[in-house]
Amino acid sequence: MQLQHLANGDVLTLPDDLLWVDEHAWTPAVASTSYLITGALLVQSATRQAGRPITLEGAFDMAWVTRATVGTLHAWASVPLTADDGRFELRLHDGRSFEVAFRHDELCVEAEPVLGFPARSDADRYRLTLRLLQL
């Protein structure tokens, strides 16, 4: 699995055992309902154009990344989404790819030290959760 920064071409390899935990918790159909003054039901329905959440999470004992990888992800996540930057290509281990951005409306990079105390070396390991948004 890899994440490629589309503005500069940099590629970050991620563990293939990161799990897409909300893959089936989204639907492209959206609707709103309301009642008219006559009492009739008004249903407005459409297809979402973008915005599917992609949350990649490592289980307790797998999908660990280095502190250096976490640092790169934090640096990339600090860039706001614009027409020219903040866009990435996520390539999954099964060959699917998505254009994504970090979900800045919540904690988009969460990293917990595997050993239970803060890492000191760039090679020390972290459990990772990434919160992305398909564009």
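1. Which strand holds Tyr35? Tyr35 is found in strand E4, which covers residues 29-35. This is a predicted model, and the points below should be read on that basis. At 63% relative accessibility, Tyr35 is above the 50% cut-off and therefore counts as exposed. Tyr35 also belongs to a nonpolar surface patch with Leu41 and Val43. Together these residues have about 350 Å² of accessible area.

2. Now the core. The largest nonpolar core has 26 residues. Leu3, Leu14, Leu56, Leu73, Leu90 and Phe102 have the most contacts inside it. Strands E6 (53-57), E8, E9 and E11 (125-134) each supply at least two residues of this core, and so does helix H1 (67-77). In soluble globular proteins, nonpolar side chains tend to be buried together.

3. Take Leu14 from that list. Beyond residues up to four places away in sequence, Leu14 touches Met1, Gln2 and Leu3. Leu14 also touches Thr69 and Leu73, along with Leu128 and Leu130.

4. Next, the strand pairing around E8. Strand E1 (residues 2-5) pairs with strand E8 (residues 88-91) in the antiparallel sense, over 4 bridges. Gln2 stands opposite Arg91 in that pairing. E8 also pairs with strand E9 (residues 97-102), again antiparallel and over 4 bridges. There, Phe88 has Val100 of E9 as its bridge partner.

5. The hairpin of E8 and E9 has 5 residues between the strands. One of them to check is Gly95, which takes a positive phi near 100°. Arg96 lies in this loop too.

6. A second positive phi is found at Ala63, and this residue is not a glycine. Its phi is near 65°. Most residues other than glycine have a negative phi. Ala63 sits in the loop between E6 and strand E7 (64-66). With a relative accessible area of 4%, under the 20% cut-off, Ala63 is therefore buried.

7. By the rule used here, the count comes to 9 salt bridges. One of them joins the side chains of Glu23 and Arg96, at 2.9 Å from N to O. Glu23 lies in the loop between strand E3 (19-20) and E4, and Arg96 in the loop between E8 and E9, so the pair ties together parts that are 73 residues apart in sequence. Is Glu23 buried or exposed? Glu23 is buried, at 17% relative accessible area. Arg96 counts as partly exposed, at 31%. Side chains of opposite charge can pair when their charged atoms come close.

8. Another salt bridge joins the side chains of Arg87 and Glu99, at 3.2 Å from N to O. This pair links distant parts of the chain, 12 residues apart. Arg87 is in the loop between H1 and E8, while Glu99 is in strand E9. Both partners count as partly exposed: Arg87 at 26% and Glu99 at 36% relative accessibility.

9. Arg131 and Glu106 also meet through their side chains in a salt bridge, at 3.9 Å from N to O. Arg131 is in strand E11, and Glu106 is in the loop between E9 and strand E10 (109-113). The two residues are 25 apart, and the pair links distant parts of the chain. Arg131 is buried, with a relative accessible area of 15%. Glu106 is partly exposed, at 37%. Both belong to a network of salt bridges that also includes Arg103 and Glu110.

10. Strand E11 also holds Thr129. What is the relative accessible area of Thr129? The value is 10%, and Thr129 is buried. Leaving aside neighbours within four places in sequence, Thr129 is in contact with Thr55, Leu56 and Glu57. Cys108, Val109 and Glu110 are contacts of Thr129 as well. Among these, Leu56 is one of the core residues with the most contacts, and Glu110 is part of the salt-bridge network.

11. Last, Pro113, which is found in strand E10. Pro113 is buried, with a relative accessible area of 19%. This value is under the 20% cut-off, which means the residue counts as buried. The C-alpha atoms of Pro113 and Arg127 are separated by 6.3 Å, with the residues 14 apart along the chain. Beyond its neighbours within four places in sequence, Pro113 is in contact with Pro118, Arg125, Tyr126 and Arg127.

Methods:
Residues numbered from 1 in each chain as written. Predicted model: local features only at pLDDT ≥ 70, side-chain atom pairs only at ≥ 80, totals over all residues. Heavy atoms only, no water. Pairing = 2+ DSSP bridges. Core = buried A, V, L, I, M, F, W, Y, C linked by side-chain atoms within 4.5 Å. Buried < 20%, exposed > 50% of the residue type's maximum accessible area, 1.4 Å probe, protein only. Contact = heavy atoms within 4.5 Å. Patch = residues over 30% accessible without salt bridge, like charges linked within 9 Å, V, L, I, M, F, W, Y side chains within 5 Å. Areas by Shrake-Rupley, 256 points an atom, 1.4 Å probe, with all protein chains shown as cover. Salt bridge = Lys/Arg side-chain N within 4 Å of Asp/Glu carboxyl O.
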